[in-house]
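Good morning, everyone. Please take a moment with the sequence and the structure before I start.

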Amino acid sequence: MSSPSNIKRIAIFGSTGSIGTQTLDVIAANSDKFSAEILTAQNNEDLLIQQALRFQPNVVVIGNESKYLKVKEALKETDIKVFAGEKALEETAAMDCYDLMMAAIVGFAGLKPTLCAIANGKTIGLANKETLVVAGEIVMQKARESGSVILPVDSEHSAIFQCLVGESKNRIEKLILTASGGPFLGRKANYLVNVKKEHALQHPNWNMGAKITIDSATLMNKGLEMIEAKHLFAITPQQIQVIIHPQSIIHSMVQFADGSIKAQMGLPDMKLPIQYALSYPNRIENNFPRYDFRKVDTLTFVEPDLRTFRNLILASIALEKGGNLPCVMNAANEIAVYAFLKNRIGFLDMTDVIEKAMETISFIEKPTLDDCYASDGEARNFVANLIKL
Ligand code: NAD
Ligand code: MG
């Protein structure tokens, strides 16, 4: 199946989420350039059906198999193929009816389908940072082998990627990852001990899915992003610096060998890095609101408070030590965030249980993919038992 050469065919894995829906917005605004060929969702079958009827993809996949019949029935008047279940996600990722996968599933669940797409040499728009956190070496190695290009969608990494255009021969001295600081910037443990999900879900600058919003409040998001950066840009832990920049106008920076710093700036709007990944290496016009220096005229920067937001320390340890430790940290974090969202543990407990998992699960220096799956399962069980989920 080949496409008219001017249309890039997009597969959105996780089309009903925050990144997925914004990717569809970009496609809808540029229907002369992009088409949606594959849409997938885990549970939200109503939105998936609505998206399928509007965008007429080749294939839809509903992860939760109990919802298959409802989706199939709703799309029976169309030519859209409907599949269900985890295996179908992988099989669909291996299909040749698309050019670029927007990897927008949340968490470890995004790893397998993305690996299938990589094995098939697809271009990946990578929103799912957990993929690189849990198996970064393996993922990047497989991409090199298959020739698959990985384009970062995470705003910080897209910023760095954009700063690096034309700089391939120049040594990077340092990457400076900016962080908004989240809703609890400036708060201390005596305040955080009582915060509930309703507070933590109020992000000042970005409107995102629940898991990443909690990760932003605990700063684990920045920890995951340090590890993501190490793999994407092949740099050492010492070359990564995190700085709090509450306005989220500078999306990240690169300092080169001569000390010169390049920054990528704009209003905080994920549609921009999404569109850049879809249209790369070109930039396409849009009507997104523009940043105006006269309106937000103060950009500030402070050091992260590592004493209060200890997740950043845990992530630095995982970044330095490598092996299966980032995978263990990620799995423990996924369960901790899930438990916090269910009001089963407190805000500060999340860090404590992640730390315990990192201390307990056996360290593997050079994990295989099977080791990654095993460490993920082990860490999930460990935390679930610890907090009696
Ligand atoms: P979300 O929760 O809004 O959406 C997640 C999507 O994944 C949904 O379509 C859901 O159906 C699907 N999904 C969930 N669990 C699944 C499973 N087990 N199997 C298959 N599909 C599953 O999440 P989001 O905020 O869009 O984030 C998606 C990814 O992008 C995350 O890895 C996040 O860290 C990253 N990211 C998001 C943003 C943002 O602004 N939202 C920014 C940068 C990076
Ligand atoms: Mg980010």
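I will go through a sheet, a metal site and some helix packing. Keep in mind that this is a predicted model.

Let's begin with the sheet. It is open and has four strands. Their order is S9-S8-S10-S11, and the pairing is mixed. Which strands sit at the edges? They are S9, residues 240-244, and S11, residues 261-265. Each of them pairs on one side only. From one strand to the next, the twist averages 20°.

Now look at S8 and S10. S8 covers residues 172-179, and S10 covers residues 250-256. They pair in the antiparallel sense, over four bridges. For a landmark, find leucine 175, which stands opposite valine 254 in S10.

Two helices that pack on this sheet come next. H7, residues 155-163, touches S8, S10 and S11. Its direction makes about 40° with that of S10. H11, residues 220-233, touches S8 and S9. The direction of H11 makes about 150° with that of S8.

Stay with H7 for one residue. Glutamine 162 is in this helix. Is glutamine 162 buried or exposed? Its relative accessibility is 12%, so it counts as buried. Leaving aside residues up to four places away in sequence, glutamine 162 touches Gln264, Tyr276 and Arg283.

On to the metal. Which residues coordinate the magnesium ion, ligand 2? They are Asp154, Glu156 and Glu225, at 2.1 to 2.3 Å. Asp154 uses OD, while the two glutamates use OE. In sequence, the donor residues are spaced D-x1-E-x68-E. Aspartate 154 lies in the loop between strand S7, residues 150-152, and H7. Glutamate 225 is in helix H11. These two are 71 residues apart, and the pair links distant parts of the chain. Both aspartate 154 and glutamate 225 are buried.

Next, helix H10, residues 210-218. How many of its nine residues are buried? Seven are, so to speak a mostly covered helix. The buried ones are Lys211, Thr213, Ile214, Asp215, Ser216, Ala217 and Thr218. What covers them includes H6, H9, H11, H13, H14 and H15. Just after H10, leucine 219 takes a positive phi of about 70°.

H14 appears in that list, and it takes part in two helix crossings I want to show. Start with H14, residues 325-341, and H16, residues 369-386. Their axes come within 8 Å and cross at roughly 40°. The two helices are therefore oblique to each other. H14 passes H16 in a right-handed crossing. On the H14 side, the residues that meet H16 include Cys327, Ala331 and Ile335. On the H16 side, they include Cys372, Ala379 and Val383.

The other crossing is H6 with H14. These axes also come within 8 Å, but they cross at roughly 150°. That makes H6 roughly antiparallel to H14. This crossing is left-handed. Glu130, Val133 and Val134 of H6 make the contact with Pro326, Cys327, Asn330 and Glu334 of H14.

One last thing to spot on the model. Cys327 of H14 takes part in the contact with H6, and Cys327 also meets H16. Glu334 is in the contact with H6 as well, and Glu334 is among the H14 residues that meet H16.

That's my tour. Thank you.

Definitions and conventions: Residues are numbered from 1 along each chain as its sequence is written. Chains are lettered from A and ligands numbered from 1 in the order in which they are written. This is a predicted model: local features need pLDDT of at least 70, side-chain atom pairs count only at pLDDT 80 or more; totals for chains, interfaces and linings use all residues. Side-chain values use heavy atoms; hydrogens and water are left out. Two strands pair if DSSP finds at least two bridges between them. Axes are lines fitted to C-alpha atoms, for helices over the stretch in contact, and angles run from 0 to 180 degrees between N-to-C directions. Contact means heavy atoms within 4.5 Å. Donors are N, O and S atoms within 2.8 Å of the metal (3.2 Å for Na, K and Ca); water is not among the atoms, so sites may look incomplete. Buried means under 20% relative accessible area, exposed over 50%, partly exposed in between (1.4 Å probe, protein chains only). Angles under 35 degrees count as roughly parallel, over 145 as roughly antiparallel, 65 to 115 as roughly perpendicular and the rest as oblique. A crossing is left-handed if the near helix is turned anticlockwise from the far one by less than a right angle, and right-handed if clockwise.
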